[in-house]
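The following exercises are meant to be worked with the sequence and the structure in view. Each task is followed by a solution in steps.

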Amino acid sequence: MDETEQLRTRVRELIRSMPGAQREFAAGIGLDETKLSKALTGTRRFSPHELVRVAEYCGVTVNWLLNGSDDAKTVTAVPAPATRLAGEPGQSEPRRRILETAWQLIAERGYHRVRIADIAKACGTSTATIHYHFPSKTEVLNEALRRNVKLAFDRQVAELHAVDGAHDRLLKLVELQLPADGVLHAEWSVWLQVWNEVSLNPALRSLYTDSYDRWHRTILMTIRTGQEQDAFHVADPEAATEQLTALIDGLGIQVLTHKPGCTVATMRKHLHDFIESSIVKGA
């Protein structure tokens with residue numbers, strides 16, 4: 001059985017394990033039922049976005065969908081166990097819906113402007129139900145951070161698993177990290193809330209460090225692969241990783257805070273220039 005057939009088999013297994021018919025599954029991942037049927041029969045491929053949505057809806061990872069294991073070696077660093085969503089695998093539908101809602105509210109309003117009552121109202125449920133799944137508001141933020149990690153990991157595996165060249169892979173990693181409108185902007189907003197809380201609350205630092213470490217390791221392994229492919233000529237991959245990740249963070253904050261002249265386009269250009277001058281050429 002080839003890899004694409006294995007993927008289709010795993011998705012079929014998930015559909016059988018979920019409540020409702022295939023029609024409800026298609027609606028749950030935001031995909032037309034006809035397109036889902038064609039993907040399952042092999043007449044079309046699942047897009048990276050669809051793989052990410054299947055993984056989130058079903059409480060699995062894209063790595064499991066593509067490679068059969070959450071911990072399979074892939075093109076991006078695997079999250080540490082402590083940074084994985086507490087409800088996975090097979091998280092309940094109420095918990096998944098609550099987390100998605102809370103995550104979106106935090107991204108839109110800010111952590112301190114979101115109350116448990118707000119999450120309950122948006123979900124159409126009671127505060128007692130929210131507390132059943134998330135005993136404290138801090139746990140809501142912790143799980144929002146873990147969701148950020150999972151979204152980034154799933155997106156990177158889905159987009160990069162077929163990209164062999166390290167140079168193209170690094171540029172794609174940058175593209176996947178830009179705070180464009182939509183999910184990426186919301187992820188950045190949640191990171192901003194986390195950075196603020198971590199600076200004030202030492203108890204959150206371990207989870208944050210483990211979460212950020214996955215991104216650092218992803219960049220580092222990509223740069224080292226580029227060295228092996230003779231695409232990058234940087235002398236110190238660790239230093240280059242520190243510099244590139246710091247540059248991404250700093251520019252991302254400037255874009256999110258609307259510093260005059262700072263846009264997603266200018267951020268992209270600065271990062272491409274740095275990669276070319278400091279990593280490709282190794283100046």
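The exercises below concern a predicted model.

**Exercise 1. Determine which secondary structure elements the chain contains and in what order they follow.**

Step 1. A count of the elements gives 14 helices and zero strands.
Step 2. Reading along the sequence then yields the pattern α-α-α-α-α-α-α-α-α-α-α-α-α-α.

**Exercise 2. Decide whether the radius of gyration of the chain agrees or disagrees with that of a compact globule.**

Step 1. For 283 residues, a compact globule would have a radius of gyration near 19 Å.
Step 2. The chain has 20 Å, and therefore the value agrees with the expectation.
Step 3. As a further description of extent, the C-alpha atoms fill a box of roughly 55 × 50 × 35 Å along the principal axes.

**Exercise 3. Describe the interior, the contacts and the surface of the chain.**

Step 1. Of the 283 residues, 51% are buried.
Step 2. Consider the contacts between residues at least 6 apart in sequence: 67% of these join residues at least 24 apart.
Step 3. The exposed area of the chain is about 13,300 Å², of which carbon and sulfur atoms supply 53%.
Step 4. Regarding charge, there are 34 positive and 36 negative side chains, and the centres of these two sets lie 5 Å apart.

**Exercise 4. Locate Lys150, classify it as buried or exposed, and state which backbone oxygen lies 2.8 Å from a polar atom of its side chain.**

Step 1. Lys150 belongs to helix α9, which comprises residues 137-160.
Step 2. The relative accessibility of Lys150 is 9%; buried means under 20%, so Lys150 counts as buried.
Step 3. The backbone oxygen in question is that of Val60, 2.8 Å from a polar atom of the Lys150 side chain.
Step 4. A polar contact requires a pair of N or O atoms within 3.5 Å, and the distance of 2.8 Å is given for Val60 and Lys150.

**Exercise 5. For Asp230 and His258, give phi, the position in the chain and the class of accessibility.**

Step 1. Asp230 has a phi near 60 degrees, which is positive although the residue is not glycine.
Step 2. Asp230 is placed in the loop between α12 (205-228) and α13 (237-256).
Step 3. With a relative accessible area of 54%, Asp230 is exposed, since exposed means over 50%.
Step 4. For His258, phi is near 60 degrees, again a positive value in a residue other than glycine.
Step 5. The loop between α13 and α14 (264-280) holds His258.
Step 6. His258 counts as exposed, because its relative accessibility is 65%.

How values were computed:
Residues numbered from 1 in each chain as written. Predicted model: local features only at pLDDT ≥ 70, side-chain atom pairs only at ≥ 80, totals over all residues. Heavy atoms only, no water. Helix = DSSP H or I, 4+ residues; strand = E, 2+ residues; numbered from the N terminus. Rg over C-alpha atoms; globule rule 2.2 N^0.38 Å. Buried < 20%, exposed > 50% of the residue type's maximum accessible area, 1.4 Å probe, protein only. Contact = heavy atoms within 4.5 Å. Areas by Shrake-Rupley, 256 points an atom, 1.4 Å probe, with all protein chains shown as cover. Lys, Arg positive; Asp, Glu negative; His and termini not counted. Charge placed at Lys NZ, Arg CZ, Asp CG, Glu CD. Polar contact = N/O pair within 3.5 Å; in protein donor to acceptor, adjacent residues only side chain to side chain.
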